[in-house]
Protein chains: 2
Amino acid sequence: MSLIVQKFGGSSVANADRVRNVAKIITDTYKAGNDVVVVVSAQGDTTDDLIAKAKEITNNPSAREMDMLLASGEQISISLLAMAIKEMGFPSISLLGWQAGFNTSSAYGKARIHNIKADRLRTELGKRNIVIVAGFQGINKYDDLTTLGRGGSDTSAVAIAAALRADKCQIFTDVEGVFTADPRKVEGAKKLEEITYDEMLELATLGAQVLNNRSVEMAKKYNVELEVLSSLTNKPGTIVKEVAKMEKMLVRGVTKDTDVARISLVGLSDTPGVAFRVFDKLAAKNINVDVILQSVGRDGTKDISFTTSEDNAEKAVELLSEMLDCKISCDTDIAKVSVVGAGMESHPGTAAKMFEALYGIDVNIQMISTSEIKISVLIDKKDADRAVSAVHKAFMPEE
Amino acid sequence: MSLIVQKFGGSSVANADRVRNVAKIITDTYKAGNDVVVVVSAQGDTTDDLIAKAKEITNNPSAREMDMLLASGEQISISLLAMAIKEMGFPSISLLGWQAGFNTSSAYGKARIHNIKADRLRTELGKRNIVIVAGFQGINKYDDLTTLGRGGSDTSAVAIAAALRADKCQIFTDVEGVFTADPRKVEGAKKLEEITYDEMLELATLGAQVLNNRSVEMAKKYNVELEVLSSLTNKPGTIVKEVAKMEKMLVRGVTKDTDVARISLVGLSDTPGVAFRVFDKLAAKNINVDVILQSVGRDGTKDISFTTSEDNAEKAVELLSEMLDCKISCDTDIAKVSVVGAGMESHPGTAAKMFEALYGIDVNIQMISTSEIKISVLIDKKDADRAVSAVHKAFMPEE
């Protein structure tokens, strides 16, 4: 007998039919002899509807009250799902975040899970109950409700799997797994059977949007085996684990991210500490920086370019204008295209192959950044989709 | 400085404008130098919408899960109201039933309040917060959510007022107070300035529907002064207390109840224990019986008539048919009209005056029942409204 944690997102429980569909998946798993803990998000648009209600009252809602408001969404979905499972003749009980023992930090709206006091979960499993837990939420040291932020239900599921040493944590979504590229846009995109945590992290950061990043980090830390799969089709998904078999591909995936702004500082004085001051200032204001490139100094000056998300760009330019007297430019008309794969470390030709593919369709590369398992290039936004297809084609083996 | 508990029903907080209106009433009370604890129900139709959601899943929902579901309604209204109060510049915090210390029995859907552990309430009041508490809900000894049943928010408010020894508990509704009769139907119906707990109990039972009965019982037990008033007009309402001044009226109110069925058992054997067996059987099946009349025995038989609510009638007839072999008839085409008032004890002419008024409009009285502060008659349902008006006119002083 295994212990399996299953997580279902809001669209998977959006209405009564979907709830029944999910209940069927859960009870099939239970009937196969497994203990099952289920984590659910709020139904469909519930969270957005609640946010709209708050906006009618105030443009600046208290973060504590916002969490109180939003946490009601999962309360509805867990009770409905528990009812549906009972209706099918199986024992089930729903638990709110605090009932399931989720102790979090006090950072309302983006709380971190400190620990899970899993006594109640174990008691209910001991009664052979299918336990339905409200994702996304917990309680802080003041006994006040907190939420983990968008995508927090994935993290809730992984945290439970870690706390209970579950055999597997299945994340059900509306896609069938992790693909080598967006299957709606790239011909020949393939579903991966397996992928490592590190690869998944690179893919998630780059905009694959299948799994919340914090959940993957936590899964890696506690070595929780994840499976990403669809709640609408009955097919195996993609397994995320420490060591994955490589199949026949050199890279795991090709992604694009168009939420990128490049800021260039031209003619900075070439003295020690300049870069430190720039990035320390940005970090202090919570502006995340991605790719950084610094030119070799010349004539006592140097140039630094870096990328950040579009919504941070204006603020970054403003901050830097106050402290620097060099020329500052900002370009948001760009995209980042990346190839990810642990295998590329041992294949020195990977970068060349990527650049060749881009050259072949006449796309100019503006910046390059590499890590052990990733190569990213910045290109014109208008070229992004063509570039992903060309790079994907270059790396994927023909069927 | 006084401590005032204010309770607002679902229609009072049905949308953003109503929430702001309620926030204005609350902050005005706070600005006048009072400590304020507010109890709120779920917004408008929220509870009905949640029940409909459950019905889509199952016709027989688990009571525990139903309470989990329904308790989300108040969670939404308290957080929105706390936001609205903060938006107006006043300190406020929302608390769920369990956070406010509501410990209840485990009878899901109709839980009884065992006690209120008011530490958190006191702490928040000590910080000069306006405390917004979710009505209708609590927590049982298993740490599971419970609800108090319909009208439970009134009881929540009175319980808090009792626990904190509040100076007053104001129940805001969509009517301006307690009237001598339904003002929409009876010309000359007057708002009462004051009324006793006992009178209010008789009026509530008889269908005045202004205050939940359990809340009045609790207010009487802990001597909590209640005020029933409108959230839409800025006028004094009706005070409910132990001893009320009598104004110029002999009776407090005239009410009708059309949810009545009369069941008659004709030709019962006139032996000891028959009545006991009948009403014990009904009580065992949770069938509440109101008026009971027994005829004088004759020819070794006797007749018993009693009333119950319409939805209980069929079940009662079925039960009694199994155990008795007398003739059983059931009439649902009747109404109960009552006059209530503590003053009538010392006025022996009250009953006669009521009967005279009915005789004056040619209404036949089928059964009569009296208590120290109430006289009820059963009449044809079609005569009910005319009867209320005539009786009201007979007792109310002309302006």
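# A walk through a two-chain model

Start by selecting D35(A) and R128(A): the two form a salt bridge, with their closest N and O atoms 2.5 Å apart. D35(A) belongs to strand β2 (residues 35–40) of chain A, while R128(A) sits in the loop between α5 (119–126) and β6 (130–134) of that chain, so this pair ties together parts that are 93 residues apart in sequence. Keep in mind as you go that you are looking at a predicted model. Over all chains, the count comes to 50 salt bridges.

**Next stop: a pair of rings**

Now show F8(A) and F172(A) as sticks. How far apart are the centres of the two rings? The distance is 4.5 Å and the planes are at 15°, so the pair is stacked. Colour by secondary structure and you will find F8(A) in strand β1 (residues 3–8) of chain A and F172(A) in strand β9 (residues 168–173) of chain A; the pair therefore ties together parts that are 164 residues apart in sequence. If you would like to hunt for others, the whole structure holds 7 aromatic pairs over all chains.

**A serine in a loop**

Move on to S309(A), which you will find in the loop between β16 (301–308) and α10 (310–323) of chain A. Its side chain is joined to that of D311(A) by a polar contact of 2.7 Å. Leaving aside residues up to four places away in sequence, S309(A) touches D259(A) and A261(A).

**Across to chain B**

Zoom out and bring both chains into view. The contact involves 42 residues from chain A and 43 residues from chain B. About 3,300 Å² is buried between chain A and chain B, and carbon and sulfur atoms give 61% of that area. On the chain A side, select I57(A), E65(A) and M83(A): these lose the most area to chain B, together 20% of what that side buries.

For the charged groups, pick D144(A) and R120(B), whose side chains meet in a salt bridge of 2.8 Å, N to O. How many salt bridges are there between chain A and chain B? The count is 2. Polar contacts across this interface come to 18 residue pairs.

Which elements should you highlight on the side of chain A that touches chain B? Try α1 (16–31), α2 (46–57), α3 (63–70), α4 (72–87) and β3 (92–95), each of which supplies at least two residues. The largest share, 11 residues, comes from α4(A). Coloured by class, the side of chain A that touches chain B shows 23 nonpolar, 9 polar and 10 charged residues.

**Last stop: the axis**

Finally, superpose the chains. A turn of 180° and a shift of 0.1 Å along the axis lay chain A on chain B with an RMSD of 0.1 Å. That is the relation of a two-fold axis. To locate the axis from chain A, centre on S72(A): its C-alpha is the nearest one in that chain, 2.5 Å from the axis. Compare the two faces as well: 100% of the interface residues of chain A are also interface residues in chain B, so the copies meet through the same surface.

Note on methods:
Residues are numbered from 1 along each chain as its sequence is written. Chains are lettered from A and ligands numbered from 1 in the order in which they are written. This is a predicted model: local features need pLDDT of at least 70, side-chain atom pairs count only at pLDDT 80 or more; totals for chains, interfaces and linings use all residues. Side-chain values use heavy atoms; hydrogens and water are left out. Contact means heavy atoms within 4.5 Å. Buried area is the accessible area (1.4 Å probe) that two parts lose on being put together, summed over both. A salt bridge is a side-chain nitrogen of Lys or Arg within 4 Å of a carboxyl oxygen of Asp or Glu. A polar contact is a pair of N or O atoms within 3.5 Å; within protein, one must be able to donate a hydrogen and the other to accept it, and residues adjacent in sequence count only if both atoms are side-chain atoms. Helices (H or I, at least four residues) and strands (E, at least two) are DSSP runs, numbered from the N terminus. Ala, Val, Leu, Ile, Met, Phe, Trp, Tyr, Cys and Pro count as nonpolar, Asp, Glu, Lys and Arg as charged, and the others, Gly among them, as polar. Copies are superposed by least squares on the C-alpha atoms of residues with pLDDT of at least 70 in both. Rings of Phe, Tyr and Trp (its six-membered ring) pair if their centres lie within 6.5 Å; planes under 30 degrees apart count as stacked, over 60 as edge-to-face and the rest as tilted.
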